[in-house]
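The exercises below ask the reader to work from the model to statements about strand pairing, a pocket and a few single residues. Each task is followed by a solution that goes step by step.

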Amino acid sequence: MDRMIYTAMSGAKATLTRQDALANNLANASTAGFRADLSAFRAVPIQGQGSPTRVHALEATAGFDTAEGPITQTGRALDIAVRGPGWIAVQGLDGNEAYTRAGSLEMSAEGTLQTVAGLTVVGEGGPIVVPQGASVTIGADGTVTAKQQGSPPTPIGQIKLVNPQAGELRKGGDGLMRTTNGDPAPADPLVRVADGALEGSNVNPVESMVGMIAAARQFETQMKMLQTAESNEQRAAKLLAPNG
């Protein structure tokens, strides 16, 4: 069978992978703190006699877009947005430390500070528990202060803020970032947050839509190449047939 089929097939598979990433980005264009997925591919020459000019398209991990999203003022005391580089540490569903830019926080029934997705916010000394009936403010360095009626404001913990290099992070299927080696990142005292604000997604919807259209056209081209390869094979078989 002509190797052209495999070449076109690998290209079509790569195009579908890129389209999946673009569709996921579009679906999260309004998700707070979302980082757009990037997709990249490299050409790998096919090894073998008679095929030095043919290549496969293989996915090369490109990671995520590190650009910051727009910050919107909400006025809500438990909303925070990271200013500049940095991440908010949370406990993932697997129990390990993970990182997010989605700073819409709330208190659980037990008073534990968590994200709206139900993930516990990691404090410098463990989970941060807010006293019953207390109002909360969050400082620029992540310090959480509780104030109960008739009592002075009291610091009850500090949100762990980290700033590892982008190359040291990988994005999981749950949208959370984790270190590539699996170890917790150290706290960075230079990371700052803005209270009463949220960071939006850094997805550019127009760019993603244009990318999806281009990917669809590219997929059509790959399918035509497969059809051409099949047609060539049928003609060759007819020519080589004993009664051809």
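**Exercise 1.** In which sense, and over how many bridges, do β11 and strand β12 (residues 143-147) pair?

*Solution.* Before the pairing is read, note that this is a predicted model, in which local features need pLDDT of at least 70 and side-chain atom pairs count only at pLDDT 80 or more, while totals for chains, interfaces and linings use all residues. Residues are numbered from 1 along each chain as its sequence is written, and side-chain values use heavy atoms, with hydrogens and water left out.

Helices (H or I, at least four residues) and strands (E, at least two) are DSSP runs numbered from the N terminus, and two strands pair if DSSP finds at least two bridges between them. On these terms, β11 and β12 pair in the antiparallel sense, over four bridges. Going along the register, Val136 stands opposite Ala146 in β12, Thr137 has Thr145 in β12 as its bridge partner, and Ile138 stands opposite Val144 in β12. In the hairpin that joins β11 and β12, with four residues between the strands, Gly142 takes a positive phi near 90 degrees.

**Exercise 2.** Place these strands in their sheet, and state which strands form its edges.

*Solution.* The second pairing is that of β12 with β13, which is antiparallel over four bridges. Here Val144 stands opposite Gly157 in β13, and the bridge partner of Thr145 in β13 is Pro155. The hairpin of β12 and β13 has six residues between the strands, and within this hairpin Gly150 takes a positive phi near 85 degrees.

The result is an open sheet of three strands in the order β11-β12-β13, with antiparallel pairing. Its edge strands are β11 (135-138) and β13 (154-158), each of which pairs on one side only. Neighbouring strands of this sheet are turned by 30 degrees against each other on average, direction ignored, where the axes are lines fitted to C-alpha atoms and angles run from 0 to 180 degrees between N-to-C directions.

**Exercise 3.** Which side chains of β11 are buried, and which are not?

*Solution.* The term buried stands for under 20% relative accessible area, exposed for over 50%, and partly exposed for what lies in between, with a 1.4 Å probe and protein chains only. The side chains alternate along β11, so that Val136 and Ile138 point to one face and are buried, whereas Ser135 and Thr137 point to the other face and are not.

**Exercise 4.** Describe the surroundings of Arg101, and then those of Asp174.

*Solution.* Arg101 lies in the loop between β6 (97-100) and β7 (105-107), and it counts as buried because its relative accessibility is 2%. A polar contact is a pair of N or O atoms within 3.5 Å, where within protein one must be able to donate a hydrogen and the other to accept it, and where residues adjacent in sequence count only if both atoms are side-chain atoms. The side chain of Arg101 has a polar atom 2.8 Å from the backbone oxygen of Gly84, and this side chain also reaches the backbone oxygen of Gly86 at 2.7 Å.

Asp174 lies in the loop between β15 (169-171) and β16 (177-179), and with 45% relative accessibility Asp174 counts as partly exposed. Its side chain is joined to that of Arg178 by a polar contact of 2.9 Å. The C-alpha atoms of Asp174 and Glu124, which are 50 residues apart along the chain, are separated by 24 Å.

**Exercise 5.** Where does Met223 lie, and how far apart in space are Met223 and Ile5, C-alpha to C-alpha?

*Solution.* Met223 lies in helix α2, and at 27% relative accessibility Met223 counts as partly exposed. In sequence Met223 and Ile5 are 218 residues apart, while in space they are 9.7 Å apart, C-alpha to C-alpha.
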